[in-house]
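Here are some exercises to work through with the model open beside you. Try each task first, then follow the solution step by step.

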Amino acid sequence: MPNNVKTYDGTADPEDHLKFFQVAAQKKYVKDPVEIHNIKQRDGETIEDFMERFIVKTRRIKGAPECMRISGFMHGVNNPELTKRLNEHVPKTMEEMMTITTAFIGGEADAASKKKGHLP
């Protein structure tokens with residue numbers, strides 16, 4: 001609950017209280033678009049988990065151009081092979097970047113399962 005919103009006491013118009021709450025809550029989550037570049041993949045965090053966390057966090061950042069979101073993701077991911085792949089052909093949209101990332105994750109999973117199949 002935002003700090004500046006008191007609990008509804010029933011004496012005022014509930015619609016007004018709700019609107020005030022929504023505006024206060026929205027302000028709490030609107031951040032500076034530059035903060036996108038502070039979202040980093042954590043040690044031990046999978047690319048898939050980072051991708052999901054990145055999407056959730058950047059959804060709260062209003063007014064950030066798509067190119068800034070793309071560059072923020074590329075800057076935040078810590079897998080050198082994925083970074084190389086994304087830099088070889090920089091995606092034009094977030095959707096394209098997530099498709100490339102998902103394909104990369106799938107390729108890694110396939111390679112890992114093939115490798116396990118060759119072990120005695």
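Helices (H or I, at least four residues) and strands (E, at least two) are DSSP runs, numbered from the N terminus. With that in hand, K62 can be placed in the loop between α2 and α3. Please keep in mind that this is a predicted model.

**Exercise 1. The overall fold**

Task: Find how many helices and strands the protein chain has, and what share of its residues count as buried.

Solution:
- Step 1. Count the elements: the protein chain has 5 helices and 0 strands.
- Step 2. Read them along the sequence, and the pattern is α-α-α-α-α.
- Step 3. Turn to burial: 28% of the 120 residues count as buried.
- Step 4. Look at the contacts with a separation of 6 or more: 51% of them join residues 24 or more positions apart.

**Exercise 2. Two helices that pack**

Task: Describe how α2 and α3 pack, and say which residues meet.

Solution:
- Step 1. Choose the descriptors: two packed helices are described by the angle between their axes and the distance between the axes.
- Step 2. Apply them: α2 (residues 47-59) and α3 (residues 66-76) pack at about 140 degrees, and their axes are 11 Å apart.
- Step 3. Add the handedness, as α2 passes α3 in a right-handed crossing.
- Step 4. List the partners: α2 brings F50, M51, F54, T58 and R59, while α3 brings R69, G72, F73 and G76.
- Step 5. Sort this contact by class, which gives 4 nonpolar, 3 polar and 2 charged residues.

**Exercise 3. The nonpolar core**

Task: Which residues touch the most other members of the largest nonpolar core, and which element gives the largest share?

Solution:
- Step 1. Recall the trend: in soluble globular proteins, nonpolar side chains tend to be buried together.
- Step 2. Find the best-connected members: among the 19 residues of the core, F54, F73, L86 and M97 touch the most other members.
- Step 3. Assign the elements: α2, α3, α4 (80-88) and α5 (94-117) each give two or more residues to this core.
- Step 4. Pick out the largest share, which is the 5 residues from α5.
- Step 5. Follow one member: setting aside neighbours within four places in sequence, F73 is in contact with F50, M51, F54, L86, M97, M98 and T101.

**Exercise 4. Two buried residues with polar side chains in contact**

Task: Are T58 and N79 buried or exposed, and what do their side chains reach?

Solution:
- Step 1. Place T58 in helix α2. T58 has 4% relative accessibility, so this residue counts as buried.
- Step 2. Check the T58 side chain: one of its polar atoms lies 2.9 Å from the backbone oxygen of F54.
- Step 3. Beyond neighbours within four places in sequence, T58 is in contact with I36, I39 and R69.
- Step 4. Place N79 in the loop between α3 and α4. N79 is buried because its relative accessible area is 15%, under the 20% cut-off.
- Step 5. Check the N79 side chain, which reaches the backbone nitrogen of L82 at 3.0 Å.
- Step 6. Beyond neighbours within four places in sequence, N79 is in contact with Q41, I47, F104 and E108.

**Exercise 5. Two lysines**

Task: Classify K62 and K84 by accessibility.

Solution:
- Step 1. K62 has a relative accessible area of 47%, so this loop residue is partly exposed.
- Step 2. K84, in helix α4, counts as exposed at 55% relative accessibility.
- Step 3. Compare sequence and space: K62 and P33 are 29 residues apart along the chain, with 7.0 Å between their C-alpha atoms.
- Step 4. For K84 and M74, 10 residues apart in sequence, the C-alpha to C-alpha distance is 9.5 Å.

Methods:
Residues numbered from 1 in each chain as written. Predicted model: local features only at pLDDT ≥ 70, side-chain atom pairs only at ≥ 80, totals over all residues. Heavy atoms only, no water. Axes fitted to C-alpha atoms, helices over the stretch in contact; angles between N-to-C directions. Left-handed = near helix turned anticlockwise from the far one by under 90°. Contact = heavy atoms within 4.5 Å. Nonpolar A, V, L, I, M, F, W, Y, C, P; charged D, E, K, R; others polar. Buried < 20%, exposed > 50% of the residue type's maximum accessible area, 1.4 Å probe, protein only. Polar contact = N/O pair within 3.5 Å; in protein donor to acceptor, adjacent residues only side chain to side chain.
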